[in-house]
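This report describes the aromatic contacts and the sheet architecture of one structure. The sequence and the model are shown first.

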Amino acid sequence: AGVGAGAALGVVPGGVLDGAPAIRRRRVTPVCVASGNGQGAVTRAQEVLNGGGDTLDAVLEGVNLVERDPNDRSVGYGGLPNFDGVVQLDSSVMHGPTRGAGAVACLEGVKTPSLVARDVMRYTDHVLLVGRGAQDFARSLGHPIENLLTDEARQAWVEWRARLSERDDYLTPEETLYELPGFIPNLEDGDPLVDSHDGVRPQGTINCNIVDRNGDLSGVTTTSGLAWKIPGRVGDSPIVGAGLYVDNDVGAAGSTGRGEAVIKTVGSHTVVEMMRAGMSPTDACLEALRRIVAFTVEPRLLDDEGRPSFGVNYYAVNKDGEWGGASIWAGARFAVNGDGTTRLEDS
């Protein structure tokens with residue numbers, strides 16, 4: 001009885017392990033998951049891991065490819081601007097082994113907000129910097145301050161602005177003597193798009209989470225946020241526990257889609273806590289989505305059948321290398337690299 005009690009309490013009698021071989025941690029198969037626009041990101045992240053890189057460096061190098069891509073309208077350089085035509089970026093990072101976290105919101109002029117978020121984690125005693133303070137901090141560390149509004153994003157903003165009212169002085173493309181170049185936002189994960197002022201507006205983000213062979217985890221979420229948003233609006237992406245959460249004892253999770261719904265339900269933290277309770281990554285993502293559905297009661301956010309009229313997507317990986325993703329609506333996909341190949345999986 002004494003031995004049983006001691007074992008249950010984790011107490012090992014003296015001398016039992018004397019001379020025993022070193023205890024080895026079980027190796028896991030490294031895996032990286034990301035939102036649907038992250039195929040290049042998960043590929044690059046695994047390359048960094050294979051080269052001996054840290055998990056946070058891996059996911060950062062992955063999402064930097066998207067942040068620097070002017071053709072991705074939802075993240076970083078080329079992202080769609082706010083109401084005033086200004087690109088404001090949000091990002092958060094979490095490093096599992098050190099329990100570190102850093103984030104920036106409403107950051108202007110820096111193509112890679114994820115790197116500024118990392119520097120907040122690395123060089124300050126804070127977690128979140130916003131607005132002008134975040135930009136000043138970035139400048140002080142040598143991040144270039146640049147114009148992030150591409151010609152294509154500006155044209156999309158001008159067209160949207162022209163449709164705000166039939167009584168303003170702006171002409172819609174149909175009223176002009178020339179036609180603006182066609183514009184289709186890079187909307188991953190099945191996010192809906194209605195081209196109207198009070199409809200569902202373009203939104204998109206990239207989340208990327210990784211676990212290495214030792215079971216160490218990191219994650220990053222980065223975005224230009226909701227297109228045409230009220231200046232100063234902050235979504236879920238830079239909020240630790242909402243758009244991203246990493247617990248090195250359990251797993252990592254992140255989100256894309258309607259940020260307000262994720263914030264209200266503390267989404268990514270919920271996913272990780274469900275994994276802690278024993279759920280698989282996919283089931284944990286589904287449970288977090290059920291909570292969003294239950295929380296959504298505003299008529300303006302419901303369709304004719306009383307269902308959410310917006311999209312939210314979760315992505316997760318646990319410490320054992322299991323992964324999954326889920327979406328409110330069918331048709332969403334996410335990127336995975338877990339066996340040396342990158343592919344899209346159905347959420």
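Is Trp-160 buried or exposed? Trp-160 is buried, with a relative accessible area of 4%; here buried means under 20% relative accessible area, exposed over 50%, and partly exposed in between (1.4 Å probe, protein chains only).

The model is predicted: local features need pLDDT of at least 70, side-chain atom pairs count only at pLDDT 80 or more, and totals for chains, interfaces and linings use all residues. Residues are numbered from 1 along each chain as its sequence is written, and side-chain values use heavy atoms, with hydrogens and water left out.

**Aromatic contacts**

The structure holds 4 aromatic pairs. Rings of Phe, Tyr and Trp (its six-membered ring) pair if their centres lie within 6.5 Å; planes under 30 degrees apart count as stacked, over 60 as edge-to-face and the rest as tilted. In one of them, Phe-83 and Trp-160 have ring centres 5.6 Å apart and planes at 85°, so the pair is edge-to-face. Phe-83 lies in the loop between α3 (55-67) and β2 (89-95), and Trp-160 in helix α6 (residues 151-162), so the pair ties together parts that are 77 residues apart in sequence. Helices (H or I, at least four residues) and strands (E, at least two) are DSSP runs, numbered from the N terminus. Phe-83 is partly exposed, with a relative accessible area of 39%. Phe-83 and Trp-160 form one aromatic cluster with Trp-228.

Tyr-315 and Phe-334 form a tilted pair, 6.2 Å centre to centre with 55° between the planes. Tyr-315 belongs to strand β9 (residues 312-318) and Phe-334 to strand β11 (residues 333-337), so this pair ties together parts that are 19 residues apart in sequence. Both Tyr-315 and Phe-334 are buried.

Charged groups also sit over rings (NZ of Lys or CZ of Arg within 6 Å of the ring centre and within 35 degrees of the ring normal). The charged end of Lys-111 is placed over the ring of Tyr-77, 4.3 Å from its centre, and Arg-161 lies over the face of Trp-157, at 4.3 Å from the ring centre.

**Sheets and helices**

Strands of a sheet pair through backbone hydrogen bonds, either parallel or antiparallel. Two strands pair if DSSP finds at least two bridges between them.

An open sheet of 4 strands follows the order β7-β8-β9-β10, with antiparallel pairing. At its edges stand β7 (244-247) and β10 (323-327), each with a single partner strand, so one side of each is left without a neighbour in the sheet. Neighbouring strands of this sheet are turned by 10° against each other on average, direction ignored. Strand β8 (residues 251-257) is joined to the antiparallel β9 by 7 bridges, and Thr-256 stands opposite Asn-313 in β9.

Another open sheet has 8 strands in the order β4-β3-β2-β6-β5-β1-β11-β12, with mixed pairing. Its edge strands, β4 (128-130) and β12 (342-346), each pair on one side only. The twist averages 15° from one strand to the next. Strand β3 (residues 100-107) runs parallel to β4 and is joined to β4 by 3 bridges; Ala-105 stands opposite Val-130 in β4.

The table lists helices that lie across these strands. Contact means heavy atoms within 4.5 Å; axes are lines fitted to C-alpha atoms, for helices over the stretch in contact, and angles run from 0 to 180 degrees between N-to-C directions.

| Helix | Lies across | Approximate angle |
|---|---|---|
| α4 (residues 113-123) | β2, β3, β4 and β6 (217-223) | about 130° to β3 |
| α5 (residues 131-140) | β3 and β4 | about 105° to β4 |
| α8 (residues 267-276) | β7, β8 and β9 | about 145° to β8 |
| α9 (residues 281-295) | β9 and β10 | about 25° to β10 |
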